[in-house]
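Biologist: Hi! Could you walk me through the charged pairs in this one? Let's get it on screen before we start.

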Amino acid sequence: MAGRQSSSRRELWSLADSYDFIASFLGKSELYRPPVSRLNHLEQKRAFRSSRDQHNNVKPSRLDRLHKLVPVSHNFASLRQQHGTRRHFHDYFVTNLPSSSLHPDSKSSAGPHHKLPRSASTPHTLSSGRSPAAAPPMIGASRELTVVRIPLRSAKHHFGVSVSRGTRPYNEDTYQAGTIEIPAFAKRAPISLSRSGSKITAGGATSADSASGDPQVFYFGVFDGHGGNECSDFLREELHSYVENAAEIFELGSSLKAGKKKEDRDVGGPSADQGSGENELSSQGKKSLNRLEMKGEGEFEGLQNVPKRNDDKSVKDQPNSPALSGEEPVLAESNKPKAIGLERNLVAQWKDTVGGYFRRFKPEYFSLAANGSPPSDTPISIEAALMYAFLKADLDFVTAQARKPDDEKQHGDTPLNADDILGEPAHLTPSKHRIGGPKQFVGGSTASIALISTPTATPFWHPASPSTIIVAHVGDTRILLCDTATGLAKPATTDHHPSSPVESTRLRRYAATFVTDSFGEERMSGLANTRAFGDMRSKRIGVSAEPEIRRIDLSPAEYSFLVLVSDGVSGTLSDQEIVDVVKEAKTPEQGAREVVSYATEVSSEGDNATCLVVRLGGWERRIEGGMGSMGTKEVRDFRKGDALDPRRGRT
C-alpha cells in the first residue's frame, strides 16, 4: 500500500519539477520533457478538471497554465491520436473586434461587434477553427481587426442562461451552448442581379470560402433528466460529439459549396465599395429593421393563446399554439452508399438488442426500404445525420446500462441483450469516456437542441443576416421563437406526451396501458414522456429517442429571439408568458434570469427550471409588435399576487 501511495505521489507535478522547468530556460539547456506516463496522468486530470470547472465557471488552475507551456513529444502526441482524446466542447465563438488602440468600443457599437465583451476575449488564430462570426480581413486588409475567441456565457447581450433547482434537493437539468464542427446547412444566399465589385472590406460579409471554411454553426441544447442526472449529464457532455461524428462518417458536404462557381458567388452582403463595409453592414441592419411591418392587436385576433381569468378568479391556461411548419430537407453532398450502410446497421442493432417496437422500426429521414428492396429516394441530409446521432447515442447509453449490475432485485429481469453484452466492458463515448457510473441507471432525459447556420460570415444576431435553424427534439422540453412583427410566441417543438394524437397512435399497439394520474396527466408505464433518452425498461414499448426534427429558414430580423426551456418553466407558464417576460428584459441574460425567477416564484411544484435565451436579428424591436408585453401582464401580476398569498396551499 505504501509503495502504491509513493508511486502515485511521484506522478504528480511537484515544486521541484517547476524549478527544473524554469531552470531549463535560464541555463539555455535542452527543454525538460516529463515522461509520457506523467504527461498522460496530468492530461487525464486536466481533462476531468477542465470539464468540471467549465460547467461550474471556475478559472483554470496554475497547474493547467503550466501544463500548457510544456511541449508534448511527438511520441505522446501520436499515442494520444491513436487512443483518442476528448475535444472539449467549444463554449466560445470566434469573431473580429476592432483593435482597442484604434477603435474603442464606444466608437464601434453600430457594427456587428455591438457590445461584445472585449475583456473576456482571447486571441485566436484563423487556422485553428471555422470562419469568425464577423468577416475576417481579406488580402491586404488593415490591421484594425483582431480575431478573438469570446465565451458565449460572457456575451450577455447575445446569450443568457439561468438555472434553478427549485425546491428539489438536486438539479437534474443540464444545458450546453457553443459552436460545433459540422458543415453549414443554411440556405444559400440569392445571387444579386447587380454586383458592385469584388472586394469587401474587413467590416463586411464574406463568402463561405473565406478563412478556414464555412461560417460557424452554433449549438444550443437543454436536457431535463428524470430518475437522476446521469443521462442528462451524458447528453450535455457527449451529444454534440455524436452529431459531429455522424456528419463526419456520412461525409456530409456544405450546403454553401454544392455546385457553386466561386467567381459567380455573391453572398448578398453589403456592396464592396472600399472603406464602406462596416458602415454599409450597419446600414443594411437598420434597413431590415425598418422594413418590418408591425402588426396591431386586431390583425391576429384569436392567435394569441393568453391564459384567461375564470369567474372564480383562477387562471385557465390555453392550449399551446401549433408548432411552426418546417422546410423540406435539403440534399447535401455525401457518401450515400456508406450512409445507407450505417443506417441499416444501426436499425439492425436496435432490432437485435431491444426488439419489441424496434422490430419494425423505420426512422424518418433514413434511406431504407423494407424487405430488401432498393434504397428509397430520401436524400442524405443533415436531418438524417441528426436522426442517426440521436439513435446512436441512445443505443450506447442503454446498452452501457444493461452491462452494469442492478441492485433492485425485484426488477432484475434478464437484461435487454444478455447474450451479447454481459461479458463486455462498459461502452465508450466518442471522446473515449465511459458512460455513467458503476451502477445501472434506469432513468432517462429529454433533449432539445437548436443548430443555427448562416450563409455568410455575418453573425445570425445581426439584423441584416438571414439564417437557418434546425431543431431536434425529444420529450417535453420546449423551443420557442418570438415573431418580431406580431410579438407572438411561435413553438418550434411539440410535447411528446401520451395525450398527443401522434404519439398515442404510434404506441397503442405496443403500450399495455395508458393511465391517468391524480393530476389528470396521461402516462404510459409510469412515464410522462413517450420519447426520451435512457429509460431502458420502457424501450420495448416504444419510448425511443427518435427526434422530431424541424428546419426553419429565418429572414433578416424576422424573429427577435430564441428561447429553450425545461418543463420546470413550460409546465408552469404559457409560451406567450415566457416570451413576454423576455421582451421586457434589456439583455438575453436578464431575460433568462427573469423567466426562471418568475417560474419558480409562481410554481406550486418547485421543479428544476432552466432557460436559455438567444438573441436574433429582430431583438431591437422585440417589444413593438402586437400588444408588446402587455398581453399577459394581467395574468402575470395575478400569478405573482397569488403566490404571495399566505392562504395558498403549496406542496
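Modeller: Happy to! Let me begin with one pair: Arg478 and Asp575 are both buried, where buried means under 20% relative accessible area, exposed over 50% and partly exposed in between (1.4 Å probe, protein chains only). This is a predicted model, where local features need pLDDT of at least 70 and side-chain atom pairs count only at pLDDT 80 or more, while totals for chains, interfaces and linings use all residues. Residues are numbered from 1 along each chain as its sequence is written, and side-chain values use heavy atoms, leaving out hydrogens and water.

Biologist: Thanks! How far apart are the closest N and O atoms of Arg478 and Asp575?

Modeller: They are 2.8 Å apart, and the two residues form a salt bridge, meaning a side-chain nitrogen of Lys or Arg within 4 Å of a carboxyl oxygen of Asp or Glu. Arg478 sits in strand E12 (residues 478–483) and Asp575 in helix H13 (residues 575–583), so this pair ties together parts that are 97 residues apart in sequence. Helices (H or I, at least four residues) and strands (E, at least two) are DSSP runs, numbered from the N terminus.

Biologist: And which residue does Glu577 pair with?

Modeller: Glu577 forms a salt bridge with Arg639, with 2.9 Å between the closest N and O atoms. Because Arg639 is in helix H15 (residues 633–644) and Glu577 in helix H13, the pair ties together parts that are 62 residues apart in sequence.

Biologist: Is Glu577 buried or exposed?

Modeller: Glu577 counts as buried because its relative accessibility is 0%. Arg639 is buried too, with a relative accessible area of 12%.

Biologist: What about a pair inside one helix, say Asp233 and Arg236?

Modeller: Those two both lie in helix H6 (residues 230–249), three residues apart, about one turn of the helix. Their side chains meet in a salt bridge at 3.4 Å, N to O. Asp233 is partly exposed at 23% relative accessible area, whereas Arg236 counts as buried at 10%.

Biologist: Which residues are linked in a network of salt bridges?

Modeller: Glu503, Arg506, Arg531 and Glu546 are linked that way. The count of salt bridges in the model comes to 19.

Biologist: Switching topic: how many disulfides are there?

Modeller: Zero, after a search of the whole structure; a disulfide here is a pair of cysteine sulfur atoms within 2.5 Å.

Biologist: Are Cys231 and Cys482 buried or exposed?

Modeller: Cys231 counts as buried, at 0% relative accessibility. Cys482 is also buried, at 0%.
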